[in-house]
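Work through the exercises below with the coordinates open. Each task is followed by a solution in steps.

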Amino acid sequence: MLYTSEQNRMGKEKFHAPKGSLSFSTELVSLTLHPGEKQEGSFTVYAHASDSVSGFVLSSSLAMKCLTPEFSGTKEVISFEFDASTYQTGNTVEGYFRILSNEGEYKLPFQVKVMPVLVQS
C-alpha cells in the first residue's frame, strides 16, 4: 500500500489512468554468473508520452535487488543487482521486474543462470 505522501507525488487517483505507454531497452533481462557472485546490471525505461513518467520498480525475487526503486522522466536507467550466494551450479532463476507507473503497470521478465566456475590448469 502506498503512503499518503507517495500517493500525492503519484497524482492520487489519476495515477491509474494511463495516457501513453512505456517501452524498455530489452524484452528479457538475462544474466549468467557463478555461485556466490553478485552482478549488477541495468535496463532503460522509455516514455512515449510528451509528459514525464514516474513510477516504482519491484522485483519478484529477493535475490534480485532493485537499486533504482523509483524513477521519473522520459528516459530512466533502472539499476539492479543479483546475489547468487544461495544458488548452486545449474540453478536457473526466473522472475520479473514489476514496473508501476502513471503510464500503467508492466512486467519485464528476467532469467539468471548459475554456471560452474571453470578452473584452468
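Accessible areas come from the Shrake-Rupley method with a 1.4 Å probe; for residues, only the protein chains shown count as cover. With this method the accessible surface of the chain comes to about 7,600 Å², and carbon and sulfur atoms hold 49% of that surface.

The model is predicted: local features need pLDDT of at least 70 and side-chain atom pairs count only at pLDDT 80 or more, while totals for chains, interfaces and linings use all residues. Residues are numbered from 1 along each chain as its sequence is written, and side-chain values use heavy atoms, with hydrogens and water left out.

**Exercise 1. Describe the chain as a whole.**

Step 1. Assign the elements: helices (H or I, at least four residues) and strands (E, at least two) are DSSP runs, numbered from the N terminus. The chain has 1 helix and 9 strands, and the order from the N terminus on is α-β-β-β-β-β-β-β-β-β.

Step 2. Sort residues by relative accessible area: buried is under 20%, exposed is over 50%, and partly exposed lies in between (1.4 Å probe, protein chains only). Of the 121 residues in the chain, 36% are buried.

Step 3. Take contacts, meaning heavy atoms within 4.5 Å. Among contacts between residues at least 6 apart in sequence, 64% join residues at least 24 apart.

**Exercise 2. Lay out the sheet that contains strand 8 and find its edges.**

Step 1. Two strands pair if DSSP finds at least two bridges between them. The result is an open sheet of 5 strands in the order 2-9-8-4-6, with mixed pairing.

Step 2. Strand 2 and strand 6 (70–73) are the edges; each has a single partner strand, so one side of each is left without a neighbour in the sheet. Neighbouring strands are turned by 25° against each other on average, direction ignored; the axes are lines fitted to C-alpha atoms, for helices over the stretch in contact, and angles run from 0 to 180 degrees between N-to-C directions.

Step 3. Go through the pairs in sheet order. Strand 2 and strand 9 (residues 104–114) run parallel and are joined by 5 bridges, with Ser-30 opposite Gln-111. Strand 9 and strand 8 run antiparallel over 10 bridges, and a hairpin of 2 residues connects strand 8 to strand 9. Strand 8 and strand 4 are antiparallel, with 5 bridges. Strand 4 (residues 53–59) and strand 6 are also antiparallel, with 4 bridges.

Step 4. Phe-56 has a partner on either side: Leu-100 in strand 8 and Glu-70 in strand 6.

**Exercise 3. Determine which side chains of strand 8 and strand 6 are buried.**

Step 1. In strand 8 (residues 92–101) the side chains alternate: Val-93, Gly-95, Phe-97, Ile-99 and Ser-101 point to one face and are buried, whereas Thr-92, Glu-94, Tyr-96, Arg-98 and Leu-100 point to the other and are not.

Step 2. Strand 6 also alternates, with Phe-71 and Gly-73 buried on one face and Glu-70 and Ser-72 not buried on the other.

**Exercise 4. Search for salt bridges.**

Step 1. The criterion is a side-chain nitrogen of Lys or Arg within 4 Å of a carboxyl oxygen of Asp or Glu. Side chains of opposite charge can pair when their charged atoms come close.

Step 2. The whole structure yields 1 salt bridge. Arg-98 and Glu-105 meet in a salt bridge at 2.2 Å, N to O. Arg-98 is partly exposed, at a relative accessible area of 23%.

**Exercise 5. Characterise the second sheet, then two loop residues.**

Step 1. An open sheet of 4 strands has the order 1-3-7-5 and antiparallel pairing. Strand 1 and strand 5 stand at its edges, and the twist averages 30° from one strand to the next. Strand 3 (residues 38–47) and strand 7 (residues 75–83) share 9 bridges, and Phe-43 stands opposite Ile-78.

Step 2. Thr-26 sits in the loop between strand 1 (22–24) and strand 2 (29–33). Thr-26 is partly exposed, at 28%, and touches Phe-43 and Leu-108, not counting residues up to four places away in sequence.

Step 3. Ser-61 sits in the loop between strand 4 and strand 5 (64–66). Ser-61 is buried, with a relative accessible area of 12%. Leaving out residues up to four places away in sequence, Ser-61 touches Tyr-87, Val-93 and Phe-110.
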